[in-house]
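Here's an informal walk through one protein model, taken a piece at a time. Keep the structure open as you read.

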Amino acid sequence: MTPSAGRSRRGLWLQVLLPFLLSLFCPALPDQIHYPIPEELDKNTVVGNLAKDLGLSVLDLPARKLRISAEKEYFTVNPVNGDLSVADRIDREQICGKQLQCILDFDIVAENPFNIYHVAVIVQDINDNTPLFKQSKIDLKIGESTKPGTTFPLDPALDSDAGPNSLQRYHLNDNEYFDLTEKQAPDGRKYPELILKHSLDREEYNFHQLVLTAVDGGDPPQSGTTQIQIQVTDANDNPPVFSQDVYRVTLQENVPPGFSVLRVTATDQDEGVNAEVTYSFHNVDEQVEHFFNLDKRTGEITTKANLDFEIANSYTLSIEAKDPGDLASHCSIQVEIIDENDCAPEVIVTSVFAPLPEDSPPGTVIALIKTRDRDSGKNGEVYCEIRGHEEFILKPSLKNYYKLLTDRVLDREEIPEYNITITAIDRGKPPLSSTIRITLHISDVNDNAPVFQQASYIVHIAENNPPGASITQVSAYDPDLGPNGQVSYSIVASDLEPQVLSSYVSVSAHSGVVFAQRAFDHEQLRVFQLTLQARDHGSPALSANVSLRVLVGDRNDNAPRVLYPALAPDGSALFDTVPRAAEPGYLVTKVVAVDADSGHNAWLSYHVLQASDPGLFSLGLRTGEVRTARALGDRDATRQRLLVAVRDGGQPPLSATATLHLIFADSLQEVLPDLSDDPLPSDPQTELQFYLVVALALISVLFLLAVILAIALRLRHSFSSAAWGCFEPGLSFKSGPGVLPSHSEGTLPYSYNVCVASQSAKTEFNFLNVTPKMAPPKDLLCEDASWVPQMNHVHTDVPFVSDTISKQAPPNTDWRFSQAQRPGTSGSQNGDETGTWPNNQFDTEMLQAMILASASEAADGSSTLGGGAGTMGLSARYGPQFTLQHVPDYRQNVYIPGSNATLTNAPGKRDGKAPAGGNGNKKKSGKKEKK
């Protein structure tokens, strides 16, 4: 009992000194915090305050984001106050088994800044397990001849507690024959042995019953009991004997099941049946029976299952050899397991800080990695490496931890995601390895400014564009993501005034389309420059600028403007004088015009539209210079008028006109009277328009009259066709102005009636009735008598005298105009010095109409045209020098067919001279032709 009591006292001292020793040892561990706690604490029990022990401020705890990194989380940390509390049931016997120290290691991870703190929680054992025997009753057979001092090993009691709370001692109830001693196995376990104190006598006592008690060192101590029943048998003098008491064997952990470990042999000196020996396991735990098998007859020990060094590195096998007389002996076999590199290392990622901003500096912690290898020695030494990524490095931390760090600045636009493969390799032979893949996403940072597709933009746009039209579109690219890559456009600078910039152009903030806010005018604004900015929506925002040069192209929207000749301040037209002696090529004047357009649209050309004398002057096509084309003749008018058109080179061309008034004179005083007396002729273009309007009105009136007349004739003909015919119904009647078939140029019109036989195949003049207002009261008859119809077709009420029909007299030789007497452009234009003949078609036609209208009035001297005697009113338009002496006497040329009589003017009506015959007129005509 004394040795047992000593060992108990040593265990008690160890239990008291262990926390103190640990507290002394803990400060020597760098960056490690220790908390001793008893096992089986209630859930949410506070272990300690990490914030206080780590030196962290309670206010900083939310930002530091404390969390536990462990394989199994037995504890939790409060992120608000930093308390470390129990999260799950802690059973020391389940966690650490028979180990003397039970320490739970885990890491506390803190962020901002990143740091790792190692925490060790020492789980102290409490006396929560009672010592238990495997059997509640032990049966022994002991021969009566057994000598005192013989020992009998007994199965030990099992106590799961460790340290002072584990099994400490055995004691046996008081008896006369047996005593108890304690032995310790190589693995440290205590087992009892029964010792025979006195010789047994089967005849006296053949059965003994004892009580064995196992007591632990708890406070209060706990105990367990078993009964020992001993049967005294007859004498078997020699027990089996092993060759040695202890056997030592080494095995590789990879040996297969059924591998022969050892064969033990025990010999018995008895003979016969008493010499037969059987083998069995004695006093072994369940693990031995699980992994090993013992042949009862041969004593051979074989493996039953695969051995694992990581589960147990050694085994103690107790073998009992017994003969039929229940005499037994015991031996111990120590099996050492040799570790093999059969466990690949494990890689555990405890923390991953993802996504990682792309602007993280080198050395930023990405992940915390823990390695573990269940092998021992070199086989359990592990190192890690990264394959294929130079951007990252692994840095060893405390114990078996590694930090995954960045080695350079990352760029999301280049690589947005990394698949990092980490390989853990042990140092065994051959080495084993395992890999793990970490997917790291790179988060975007606004580190890229927008980039325009072009360094600068030049845009051409034609003027007069519609407001709101698209000028161009600029585009910028930003490789960032989300708002960092969304680009908006704006105008930040321009060479236009800031007040008017918005009225000229605008840009769409989303699409970059530049719009014209108004119609551009090339003449006002030919070029302007904008500075466009592309800005992303990041924080802070980044931007880029580009220049946009807008060239406003010209269109032909401005007509030429004549600078010279210009109107006088009073609105009158200016004139240029030309010396009468000007030679051909003489520079008379120059038409000066400008065009606000540019380029080809402003290339001007000069053209003559109208000229009093087209051949007298020449006009430079590009210069606008007016020069004399020939020398001035006597017949050329003193005043000349040129209508000049100035055209530009656009498509379609635009033009302007200028009127040049030129006067041939050697001095200004020479032309002043003409300028004051005679107004300048009106614009022919205006006159032409006026005549066209008048002609259109006359044509409309004549058309209406013709329609009315046709309707009236139709109605009247239906009532009385005889009243309108000149003969019988076989004749058709037509009344109206006409001329004889033998008329020639210059004959005067007169009214007559024409009767045509309806049965005739050709139209002939049958009857002519001169209108009394146009001729003397005589009938003019056709010369041919073949047209006279038969008498039975003639109405009786129509006067007809056959003897009035006579031959037509030959024409008067003075009937026609002379070449000099003909009006218009067909006759000679060489007038005499006393009058001016009109030079254009309209004036000529008007003159002819006036002459014809006054022909009959002049016969009786009743001319009412005005302008005095002998002028027929012509001086009112053509000047005072233009009188009837310039007009031939057409009345002389009116004759009566079949008679030599001619119409003459009343004496003194024309020029106060007696009427002359046709010869006189011919001489006059000859005189004019001579002139």
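## A small sheet

Let's start with a pair of strands in this predicted model. Strand 19, residues 260–263, pairs with strand 23, residues 300–303, in the antiparallel sense, and three bridges hold the pairing. To find your place in that pairing, look for leucine 262, which stands opposite isoleucine 301 of strand 23.

Strand 23 has another partner too: strand 22 (residues 292–294) runs antiparallel to strand 23, again with three bridges between them. Here phenylalanine 292 has threonine 303 as its bridge partner, while asparagine 293 is matched with threonine 302. Strand 22 and strand 23 make a hairpin with five residues between the strands, and in that hairpin glycine 299 takes a positive phi near 80 degrees.

Put these pairings together and what order do the strands of the open sheet take? It's 19-23-22, three strands with antiparallel pairing. Strand 19 and strand 22 sit at the edges with a single partner strand each, so each has one side without a neighbour in the sheet. From one strand to the next, the twist averages 20 degrees. If you're tracing side chains here, remember the general rule for a regular strand: side chains alternate between the two faces of the sheet.

## Cysteines

How many disulfides does a search of the whole structure find? The search turns up one. It joins cysteine 96 to cysteine 102, with the sulfur atoms 1.8 Å apart. The torsion about that S-S bond is about 70 degrees, so the disulfide between cysteine 96 and cysteine 102 is right-handed.

Are cysteine 96 and cysteine 102 buried or exposed? Both are buried. Two further cysteines are worth a look while you're at it. Cysteine 331 has a relative accessible area of 4%, so it's buried. Cysteine 384 comes in at 12% relative accessibility and counts as buried because the cut-off is under 20%.

## Three loop residues

Serine 360 belongs to the loop between strand 27 (356–357) and strand 28 (365–372). Its relative accessibility is 10%, so serine 360 counts as buried. What does the side chain of serine 360 reach at 2.7 Å? That would be the backbone oxygen of proline 357.

Next up is asparagine 556, in the loop that runs between strand 42 (543–553) and strand 43 (561–564). With a relative accessible area of 16%, asparagine 556 is buried. Its side chain has a polar contact of 3.2 Å with the side chain of aspartate 648. A polar atom of the asparagine 556 side chain also lies 2.9 Å from the backbone oxygen of proline 652. Setting aside neighbours within four places in sequence, asparagine 556 is in contact with Asp597, Asn601, Asp648, Gly650, Gln651, Pro652, Pro653 and Leu654.

Arginine 526 sits in the loop between strand 40 (513–516) and strand 41 (527–536). How accessible is arginine 526? At 45% relative accessibility, arginine 526 counts as partly exposed. The arginine 526 side chain makes a polar contact of 3.5 Å with the side chain of histidine 522. Leave out neighbours within four places in sequence, and the contacts of arginine 526 are Val550, Leu551, Val552, Ala596 and Ser598. Glutamate 463 is 63 residues from arginine 526 in sequence, and their C-alpha atoms are 9.0 Å apart in space.

## Zooming out

Now for the protein as a whole. It has 12 helices and 53 strands. There are 931 residues, of which 39% count as buried. Strand 23, with its two pairings, is one of those strands.

What share of the contacts with a separation of 6 or more comes from residues 24 or more positions apart? Such residues account for 65% of them. As for the outside, the accessible surface comes to about 51,600 Å², and carbon and sulfur atoms make up 53% of that.

Terms used
Residues numbered from 1 in each chain as written. Heavy atoms only, no water. Pairing = 2+ DSSP bridges. Helix = DSSP H or I, 4+ residues; strand = E, 2+ residues; numbered from the N terminus. Disulfide = S-S within 2.5 Å. Buried < 20%, exposed > 50% of the residue type's maximum accessible area, 1.4 Å probe, protein only. Axes fitted to C-alpha atoms, helices over the stretch in contact; angles between N-to-C directions. Contact = heavy atoms within 4.5 Å. Polar contact = N/O pair within 3.5 Å; in protein donor to acceptor, adjacent residues only side chain to side chain. Areas by Shrake-Rupley, 256 points an atom, 1.4 Å probe, with all protein chains shown as cover.
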